[in-house]
Amino acid sequence: MLGLEDFIDDTLETVRSTVKGKAIIACSGGVDSMVAATLVSKAIGDRLLAVYVDNGLMRKGETAEVESMLREMGINYRIIDASEEFFAALKGVDDPEGKRKVIGERFIRVFERVAKEFGAEVLVQGTIAPDWIESGDGVRDTIKSHHNVGGLPKDMGMELCEPLRDLYKDEVRDLARFLGVRASERQPFPGPALAVRCLGEVTPESIAIVREACFIVEDEIMKAADAGKMERPWQYFAVLLPSKTVGVQGDRRAYGRTVAIRAVSSIDGMTATYADIPLEVLGAISSRITHTMKVSVNRVVYDITNKPPATIEWE
Ligand code: XMP
């Protein structure tokens with residue numbers, strides 16, 4: 001990558017010369033989309049509208065947090081609640097690539113509607129290099145269709161602008177720190193959101209379980225890191241497995257779901273090593289999850305697989 005200032009100058013010039021009219025940007029609140037929004041708004045000002053879609057699959061408190069970031073950035077933005085539409089489209093879909101494609105398509109349909117109202121012809125996305133590398137390009141195999149690349153419908157009625165396409169995550173974070181973007185240290189969160197952390201069919205009920213489990217994993221790990229018991233991993237979350245196992249509650253048989261804890265260290269997400277979380281912290285996470293969600297979850301396991309051979313997300 002060029003020096004940060006040169007990269008910014010070049011990007012602003014390219015965006016100014018390619019986006020002549022209005023554009024919308026898909027903002028998830030992650031570091032990639034927030035950096036892309038910051039750069040493009042510097043280039044075209046109020047001709048950019050940032051759009052955050054609440055697809056019903058986001059983490060606890062995420063929508064409010066993203067809205068506060070967008071407000072603070074002082075750019076045009078809209079928050080759209082499309083959760084019903086996403087859940088309806090995901091009904092009966094249980095295969096990982098199928099879920100990614102459905103979500104990618106829904107996002108685009110929502111963006112197309114907003115773009116039409118705003119009069120935009122360009123869709124800006126915070127796509128970075130691993131997104132398109134892992135989505136396959138005819139030369140490489142498709143590891144997963146990142147929703148902002150391989151999940152795009154063929155008949156999309158907008159031009160694409162992807163100013164960060166050649167950067168890796170660590171480079172985007174450097175840029176974010178340089179630009180003073182508040183999301184610079186946020187852990188990565190996938191475009192298809194909690195849908196790829198809820199194995200099998202996605203329902204509002206299973207998303208509620210994995211949302212609470214992810215919140216507990218994040219909260220306990222942050223507390224442990226703040227107390228000096230461990231380093232904060234690069235990424236850490238919960239996954240809800242589709243199968244049930246037998247357990248016991250009081251003197252009664254229980255039959256409940258399993259939550260897997262995933263935490264990894266990485267530099268750019270292309271490879272990763274499972275994080276060495278102290279057993280005491282894993283134990284605290286397990287007790288809190290099974291206690292909070294007694295009715296639905298009776299088992300917690302820890303994933304000790306590196307990438308490769310696994311990927312970071314389970315789908
Ligand atoms: P995997 O699971 O492929 O993930 O090892 C590598 C990193 O990418 C994130 N990820 C995504 N990010 N859109 C994104 O913007 C996606 O569709 C997507 N899928 C995975 C994942 O959380 C990890 O940080």
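This report describes a ligand site, a helix pair and some backbone features in a predicted model.

## Basis of the model

Residues are numbered from 1 along each chain as its sequence is written, and side-chain values use heavy atoms, with hydrogens and water left out. Because the model is predicted, local features need pLDDT of at least 70 and side-chain atom pairs count only at pLDDT 80 or more, whereas totals for chains, interfaces and linings use all residues.

## Ligand surroundings

The ligand is surrounded by 16 residues, of which E134, K144, Q235, K307 and E313 are the closest (a residue counts if one of its heavy atoms lies within 4 Å). Among the polar contacts (pairs of N or O atoms within 3.5 Å), a polar side-chain atom of K307 lies 2.7 Å from a ligand oxygen atom, and polar backbone atoms of I312 and G191 lie 2.8 Å from an oxygen atom and 3.2 Å from a nitrogen atom of the ligand, respectively. Of the 500 Å² of accessible area that the ligand has on its own, the protein covers 92% (Shrake-Rupley method, 1.4 Å probe).

## Backbone features

K307, which also contacts the ligand, is joined to P308 by a cis peptide bond with omega near -15°, and the bond between P308 and P309 is cis with omega about 10°. P308 lies in the segment after β9 (297–302), as does P309 (strands are DSSP runs of E, at least two residues, and helices of H or I, at least four, numbered from the N terminus).

A193, although not a glycine, has a positive phi of about 55°, and this residue is found in the loop between α7 (169–179) and α8 (204–226).

Notes: A polar contact is a pair of N or O atoms within 3.5 Å; within protein, one must be able to donate a hydrogen and the other to accept it, and residues adjacent in sequence count only if both atoms are side-chain atoms.
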